[in-house]
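Please load the model in your viewer and keep the sequence panel open beside it. The stops below say what to select next and what is to be found there.

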Amino acid sequence: NPLWRILPINPLLIGIPREIIFDYIFPQDSLQSIVEYLSMRPVLFSIGGIDFFSAPIFAGLSALAAFYYFLRRRPSSLNDDDFWTLMMALALGVIGGGVLFYVLAFGNGPAANLRMILLKRRIPGGSFFGSFWGAALLAYLYCRARKLDWRPVADLLGITGPLALIIMRMGCLLHGCCHGRP
């Protein structure tokens, strides 16, 4: 077991200079294991030759966490049919808004993103802000069409949005897509 795995705290966080850490605490032969430990993991695991990527898995986990919160705190004004239809509207808003905003604002521009979607039959990415506002818009339209009070649903969206963002950012960091630019 390398020493860095059993340390109770991270030496960099308490102000020990990097030179001391890498020259005295960690021997040079363990430097490779440190780099491997800190590297990103776009593929979380593989089963039967099928790779399971971290970003989509964490997107699903964030959706499950938001759904669970909605389920536990659902407004009393929503009956079962309204609740499940609202969940479908939220799911469509999250997926549609995230992809639409990504295609319009990120990547290589709208034309190149659309070309990639059509040629490779693959969605190149998503956007949290597009997902959040897409879900909010469809939830609002659904509540308005069914003459339901929008405010309790908006209160729940205000909590589940950041909750989903926290979980999703962990997946994005592991995937290597949201680490920033040098």
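Select S54, which lies in helix α4, residues 54-73; helices here are DSSP runs of H or I with at least four residues, strands are runs of E with at least two, and both are numbered from the N terminus. At 0% relative accessibility S54 counts as buried, a word that stands for under 20% relative accessible area, with exposed meaning over 50% and partly exposed the range in between, for a 1.4 Å probe and protein chains only. Now show the surroundings of S54: leaving out residues up to four places away in sequence, S54 touches R41, P42, L44, G171, L174 and H175, where contact means heavy atoms within 4.5 Å. Add the backbone oxygen of G171, which lies 3.3 Å from a polar atom of the S54 side chain.

Before moving on, bear in mind that this is a predicted model, in which local features need pLDDT of at least 70 and side-chain atom pairs count only at pLDDT 80 or more, while totals for chains, interfaces and linings use all residues. Residues are numbered from 1 along each chain as its sequence is written, and side-chain values use heavy atoms, with hydrogens and water left out.

Colour the chain by secondary structure next. The protein chain comes to 8 helices and 2 strands, and from the N terminus on its elements run α-α-α-β-β-α-α-α-α-α. Of its 182 residues, 25% count as buried, and among contacts between residues at least 6 apart in sequence, 56% join residues at least 24 apart.

Select residues 43-53 to see the strands. Strand β1 (residues 43-47) and strand β2 (residues 50-53) run antiparallel and are joined by 4 bridges; two strands are taken to pair if DSSP finds at least two bridges between them. Together they form a hairpin with 2 residues between the strands, and G48 in the turn has a positive phi of about 60°. Across the ladder, V43 stands opposite F53 in β2.

Turn now to the interior and select F70, L86, M87, L90, A139, V153 and L157. These are the residues with the most contacts inside the largest nonpolar core, which has 15 residues; such a core is a set of buried Ala, Val, Leu, Ile, Met, Phe, Trp, Tyr and Cys residues joined through side-chain atoms within 4.5 Å. Helices α5 (80-105), α7 (128-145) and α8 (151-175) each supply at least two residues of this core, and the largest share, 5 residues, comes from α7. Centre on M87 and, with residues up to four places away in sequence set aside, its contacts are F67 and F70.

From there, go to L156 in helix α8, which counts as buried at 7% relative accessibility. Beyond its neighbours within four places in sequence, L156 is in contact with Y69, F70, R73, R74 and P75. Its C-alpha is 9.0 Å from that of P75, although the two are 81 residues apart in sequence. With R74 still in view, add F83: R74 lies over the face of its ring, at 4.9 Å from the ring centre, a charge being placed over a ring if NZ of Lys or CZ of Arg is within 6 Å of the ring centre and within 35 degrees of the ring normal.

What does the side chain of D82 make a polar contact with? D82 lies in helix α5 and counts as buried at 4% relative accessibility; its side chain makes a polar contact with the side chain of R146, at 2.8 Å. A polar contact is a pair of N or O atoms within 3.5 Å; within protein, one must be able to donate a hydrogen and the other to accept it, and residues adjacent in sequence count only if both atoms are side-chain atoms. Apart from neighbours within four places in sequence, D82 is in contact with Y142, R146 and L148.

Finish with F128, F129, F132 and W133, which ring pairs link into a cluster; rings of Phe, Tyr and Trp (its six-membered ring) pair if their centres lie within 6.5 Å, and planes under 30 degrees apart count as stacked, over 60 as edge-to-face and the rest as tilted. The structure holds 9 aromatic pairs. The rings of F128 and F129 have centres 5.5 Å apart and planes at 70°, so this pair is edge-to-face. F128 counts as partly exposed at 24% relative accessibility, whereas F129, at 51%, counts as exposed.
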